[in-house]
Amino acid sequence: MIKKERATKETKISISLDEEKSFRESSISTGVGFFDHMLTLFSFHSGLYLNVEADGDLEVDAHHTVEDVGIILGQMLRELYVEKASYQRYGTTYIPMDESLARVVLDLSGRPHLNFQANFSKETVGTFDTELVMEFFNAVSMNSRMTLHVDLLKGGNTHHEIEAIFKAFARSLKAALAPSDAGIPSSKGVIE
């Protein structure tokens, strides 16, 4: 199990991550209900146990909380894959959520990059600002040092649009972390 904490003047966050999910249910409490829902879906579909406790400056907005959770989660994912003797490295998933369709393609490459193409139907889901979805994935990709392409191919209901993205990310990550018989998945023999 990997555990990390981050404390700033804006947030205080503690996260535990375990690839051995077994029977445990993830426990997620950020104070941002919709974000908690997305992280719960991420945990379920990635097969990763996740415990998140966040206390952020929500009186301002949810930006710092969402971004800082993404920073820590990214660092943890980096630690998870660099410690593996072998893994698939790449993951590609299309996920429909009723009328919406998302595609996520990722590479656990050691080279951080985010290409995020999603025009959400509305600016908010409840009180959650949809622009924070890109902020979260930017923080994850930069801190995990993964190449991440996120595309919302078809839209409709904004909740469905974002849910399809989080599920596609989770399933792509699960595929990329899966064991491989080939050792380090690079012709260079190393991923830094």
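A nonpolar core is a set of buried Ala, Val, Leu, Ile, Met, Phe, Trp, Tyr and Cys residues joined through side-chain atoms within 4.5 Å. I wrote that down before opening the structure, which is a predicted model.

**Entry 1: the core**

I looked up the largest nonpolar core and found 58 residues in it. Which of them touch the most other members? They are L77, F136, F137 and F169. Helix 4 gives the most to this core, namely 10 residues. A general note to self: in soluble globular proteins, nonpolar side chains tend to be buried together.

I then picked F136 and skipped its neighbours within four places in sequence. That left contacts with F35, L39, V66, V69, G70, L73 and F166.

**Entry 2: the whole chain**

Next I stepped back to the chain. I counted 4 helices and 10 strands. Along the sequence they come in the pattern β-β-β-α-β-α-β-β-β-β-β-α-β-α. The radius of gyration is 16 Å, close to the 16 Å from the globule rule for 192 residues, so the chain is as compact as a globular protein of that length. The C-alpha atoms fill a box of roughly 45 × 35 × 30 Å along the principal axes.

How many of the 192 residues count as buried? It's 53% of them. I also checked the contacts with a separation of 6 or more: residues 24 or more positions apart account for 77% of these.

**Entry 3: the open sheet**

I traced an open sheet of 4 strands, and its order is 5-6-10-7 with mixed pairing. The edges are strand 5 (90–97) and strand 7 (113–117), each of which pairs on one side only. Ignoring direction, neighbouring strands here are turned by 10° against each other on average.

Strand 5 and strand 6 (residues 100–107) run antiparallel and are joined by 8 bridges. I looked up one pair by name: T93 has V104 in strand 6 as its bridge partner.

Which helices pack on this sheet? Helix 3 (residues 131–144) does, touching strand 7 and strand 10 (147–154). Its direction makes about 160° with that of strand 7. Helix 4 (residues 158–177) packs on the sheet too, touching strand 5, strand 6 and strand 10. The direction of helix 4 makes about 150° with that of strand 5.

**Entry 4: around strand 4**

Then I went to strand 4 (residues 49–56), which is joined to strand 2 (residues 11–18) by 8 bridges, the two running antiparallel. Here K12 has D55 as its bridge partner. Strand 4 also pairs with strand 3 (residues 27–29), this time in the parallel sense over 3 bridges. S29 is matched with E53 in strand 4.

I had to look twice at the handedness: strand 3, helix 1 (residues 33–46) and strand 4 make a left-handed β-α-β unit.

**Entry 5: two positive phi values**

Last, I looked up two residues that aren't glycine but have a positive phi. R89 has a phi near 85°, and D98 has one of about 55°. R89 is in the loop between helix 2 (63–82) and strand 5, while D98 is in the loop between strand 5 and strand 6.

Is each one buried or exposed? R89 has 8% relative accessibility and the cut-off for buried is under 20%, so R89 counts as buried. D98 has 61%, and exposed means over 50%, so D98 counts as exposed.

Key: Residues numbered from 1 in each chain as written. Predicted model: local features only at pLDDT ≥ 70, side-chain atom pairs only at ≥ 80, totals over all residues. Heavy atoms only, no water. Pairing = 2+ DSSP bridges. Axes fitted to C-alpha atoms, helices over the stretch in contact; angles between N-to-C directions. Contact = heavy atoms within 4.5 Å. Right-handed = clockwise from strand over helix to strand, strands pointing away. Buried < 20%, exposed > 50% of the residue type's maximum accessible area, 1.4 Å probe, protein only. Rg over C-alpha atoms; globule rule 2.2 N^0.38 Å.
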